[in-house]
Amino acid sequence: MQIRCALVGMPGSGKSTVGRQLAHRAGVPFIDLDHRLEQTLGTTIRSFFEAEGEARFRDIEAQVLADVARQPGGMVLSTGGGAVLRPENREVLRQFGNVLYLRASPEEIFKRVKHDKTRPLLQGGNPMDKLRDLYAQRDHLYRETAHYVIETGRPSVHTLVNMVMMQLEMAHSARGPGDTDGAPTGQ
């Protein structure tokens, strides 16, 4: 089984951490969209946000996502937390392969990221309020985009990787052995 999946979810939900281990276990490349964006931008996302604004960032994010999605073969793609904000990105992700929403509550995320100064949308003001607002704005978009929701509250990263692998293996079995592109069918 060749895995081709994308991970979506709130900033700090574990997309990069789980994605790296999932890709390693599956023997496929791992692509962190935020890292790819920083390479394209030539600066950090935070610096770009401050200099150019979110709208310009989202334009470039959409282009880089489309470029990555056109690459053939198996891979695990970790998206940025806001990648689902644009309808065209949600469609690109759904066509890319299996999309898994790593769902975590704002309170769980706050525990993980409260000391992280690299997340531009969580800087200034009350980060807990910002996380709650982001969650209220985005949860339905993650659910709309995802084929599967994985709760990330308590399990270890190893357990989460096992949960994702089991979900992908069940999806693969439901499609049949001849379908190896990882794209969902009949959904």
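**A tour from strand S1 outward**

Start by selecting residues 4-8, which make up strand S1: five of the five residues here are buried, so the strand is largely enclosed by the rest of the structure. Keep in mind as you click around that this is a predicted model.

Now show the side chains of S1. In a regular strand, side chains alternate between the two faces of the sheet. Which residues of S1 sit on each side? Arg4, Ala6 and Val8 are on one side, with Cys5 and Leu7 on the other. Both faces are covered, and each of these residues is buried.

Next, add residues 75-78 to your selection. That's strand S3, and S1 pairs with it in the parallel sense over four bridges. Want a spot to zoom in on? Pick Ala6 in S1, then look across to Leu77, its bridge partner in S3.

Then bring in residues 98-103, strand S4. Here, too, S1 makes a parallel pairing over four bridges. For a landmark, go to Val8 and find Tyr101 standing opposite in S4.

Time to zoom out and colour the chain by secondary structure. You should find eight helices and five strands. Follow them along the sequence and the order reads β-α-β-α-α-α-β-α-β-α-α-β-α.

Finally, select the whole chain. Of its 187 residues, 49% count as buried. Switch on the surface: the accessible area comes to about 9,000 Å², and carbon and sulfur atoms own 50% of it. As for contacts in the chain with a separation of 6 or more, 73% link residues 24 or more positions apart.

Conventions: Residues numbered from 1 in each chain as written. Predicted model: local features only at pLDDT ≥ 70, side-chain atom pairs only at ≥ 80, totals over all residues. Heavy atoms only, no water. Buried < 20%, exposed > 50% of the residue type's maximum accessible area, 1.4 Å probe, protein only. Helix = DSSP H or I, 4+ residues; strand = E, 2+ residues; numbered from the N terminus. Pairing = 2+ DSSP bridges. Contact = heavy atoms within 4.5 Å. Areas by Shrake-Rupley, 256 points an atom, 1.4 Å probe, with all protein chains shown as cover.
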